[in-house]
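Me: I would like to go through this fold in terms of its sheets, its packing and its confidence values. Could we proceed by short questions, each answered with its reasoning?

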Amino acid sequence: MKMRTLSRRFEIPRVRSHQKLVLFASLVVCAALSVGTSNAQQRLSKRYPAGRNVHITLKNISGTITVESWSREEIKLTATFDSPKANILPRQSGNVLTVDMMADNPGRSDVGDVNFQLQVPVNSSVELQTKRGQIKVTNIRGALVSAHVSLEGDIELSGISAREVFAHNTIGDIYFDGEFASGGTYRFESSKGNITIRIPANSAFNLDASAQKQKIALNEFWNDGFRSLGDGRKLQGNVIDGRSRVFVTNFQGSITFLRR
C-alpha cells in the first residue's frame, strides 16, 4: 500500500509540469503574435478622377507628405501608418480633394505617424500641412504650392513653376528649386533652419529679405541697387525689373540664393 501511494504521489507533479510547459509555450506564441499585430503597418490606396486644374488640401498631424506630378488626369493617394489605425476620410467635391486628419481624429492622441504620397496632374494646386515631418513637392506647375510645418521638419520644393508659393516651418530647412512667374508672390519663412533658393539666372524679382543671425548671400543676383541694412542681414531691392515679389525671413539660420 505504501508503494502504491508513493507512485501516485510522484505521477501528479509530472503531469502538472507538462501542463505548465504547454501553457508557457502557448503564452509565448500568443505574445509573439500580439507584438506582430501591434507592429503591423497599415496601408490605404485610393484613386480619384481629376481634371487638369485640381486643388488638393492635406492636413496631417505627424508624418511625411510627398507630392509628385504624373501624366494621368487622376489623383492617386497612398497612406501608410501604424496601429492603432487612424481615421482617414478623403473627401472630393468637383476638382477639390480634401484630407483633414485633425478633423477626422478629433481629440485623439494615439494616431501616430501617417505618411502620405500623392501623385497628381502637373497643373495641380496643393496646400500641405503637418505638425512634424518632412514635406516634399516635385514638378508642380499649378497656381499655388503651400507647405507648412508648424513644429519640426524640412520642406523641399523642386521643379516648381507656380504663381504663388508659401513655405513656412519652425525648425527645419527650406529648399526651393524652381521659377518665379511674372507677377507671382513667393514667401519663405523659417524660425530655425537654412533657406536655400535656386532659380534661373534671368529671374526678375523684387526682394525683401531679413535674417537675424547671418548675412544674406545673394551671390550672382547681387547688384548695387540693393539697400542693405543691419550689416547685410536685411536686403531690399530689385533683380532686373522686379516682376515678382519675394519675401524671405529667417530668425536663426542662413538665406542663400543660387543660380542654375
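**Sheets, packing and confidence**

Me: In what order do the strands of the open sheet of 11 strands follow one another?
Reply: The pairing in this sheet is mixed. The model is a predicted one: local features need pLDDT (the predictor's confidence in each residue, from 0 to 100) of at least 70, side-chain atom pairs count only at pLDDT 80 or more, and totals for chains, interfaces and linings use all residues. Residues are numbered from 1 along each chain as its sequence is written, and side-chain values use heavy atoms, with hydrogens and water left out. The order of the strands is β5-β6-β2-β8-β10-β12-β14-β20-β16-β19-β18.

Me: Which strands stand at the edges of that sheet, and what is its average twist?
Reply: Strands are DSSP runs of E with at least two residues, helices are runs of H or I with at least four, and both are numbered from the N terminus; two strands pair if DSSP finds at least two bridges between them. An edge strand has a single partner, so one side of it is left without a neighbour in the sheet, and this holds for β5 (91–93) and β18 (227–229). With axes as lines fitted to C-alpha atoms, and angles running from 0 to 180 degrees between N-to-C directions, the twist from one strand to the next averages 5°.

Me: Which residue of β20 stands opposite Leu207?
Reply: β16 (residues 205–211) is joined to β19 (residues 234–239) by six bridges in the antiparallel sense, and there Gly237 is the bridge partner of Leu207. β16 also pairs with β20, in the parallel sense, over six bridges. In β20, the residue opposite Leu207 is Val246.

Me: Which residue of β20 stands opposite Thr185?
Reply: β14 (residues 185–192) and β20 (residues 245–250) run parallel and share six bridges. Opposite Thr185, β20 places Arg245.

Me: Which edge strand of the 10-stranded sheet pairs with β21, and which residue stands opposite Ala217?
Reply: This open sheet has mixed pairing and the order β1-β4-β7-β3-β9-β11-β13-β15-β21-β17. Its edge strands, which pair on one side only, are β1 (41–49) and β17 (216–217). Two bridges in the parallel sense connect β21 (residues 255–259) to β17. In β21, the residue opposite Ala217 is Thr256.

Me: Is Val165 buried or exposed?
Reply: Val165 belongs to strand β12 (residues 164–171), and its C-alpha atom is separated by 4.8 Å from that of Tyr186, 21 residues apart along the chain. Beyond four places in sequence, Val165 has contacts (heavy atoms within 4.5 Å) with residues including Val145, Leu157, Phe176 and Phe188. The classes are buried under 20% relative accessible area, exposed over 50% and partly exposed in between, with a 1.4 Å probe and protein chains only. Because its relative accessible area is 0%, Val165 is buried.

Me: What is the relative accessibility of Ser210, and why does Ser210 count as buried?
Reply: Ser210 lies in β16. Leaving aside residues within four places in sequence, Ser210 is in contact with Ile216, Arg233, Lys234, Val248, Thr249, Asn250 and Ile255. Ser210 counts as buried because its relative accessibility is 15%.

Me: What is the corresponding value for Ser146?
Reply: Ser146 is part of strand β10 (residues 144–152). Its contacts beyond four places in sequence are Val126, Glu127, Leu128 and Phe166. Ser146 counts as buried, therefore, at a relative accessibility of 17%.

Me: How many residues does the largest nonpolar core have?
Reply: A nonpolar core is a set of buried Ala, Val, Leu, Ile, Met, Phe, Trp, Tyr and Cys residues joined through side-chain atoms within 4.5 Å. The residues with the most contacts inside this core are Val137, Leu157, Phe188, Val248 and Phe257. Among the residues that Val248 touches are Phe188, Leu207, Ile255 and Phe257. The number of residues in the core is 59.

Me: What share of the residues in the protein chain is buried?
Reply: The protein chain has two helices and 21 strands. Of its contacts with a separation of 6 or more, 54% are between residues 24 or more positions apart. Among the 260 residues, the buried share is 40%.

Me: How many contacts beyond near neighbours in sequence does the stretch 21–38 have?
Reply: The average pLDDT of the protein chain is 87, and 84% of the residues score at least 70. Residues 1–13 stay under 50, with zero contacts beyond four places in sequence. Over residues 21–38 the pLDDT is also below 50, and the number of contacts beyond near neighbours is two.
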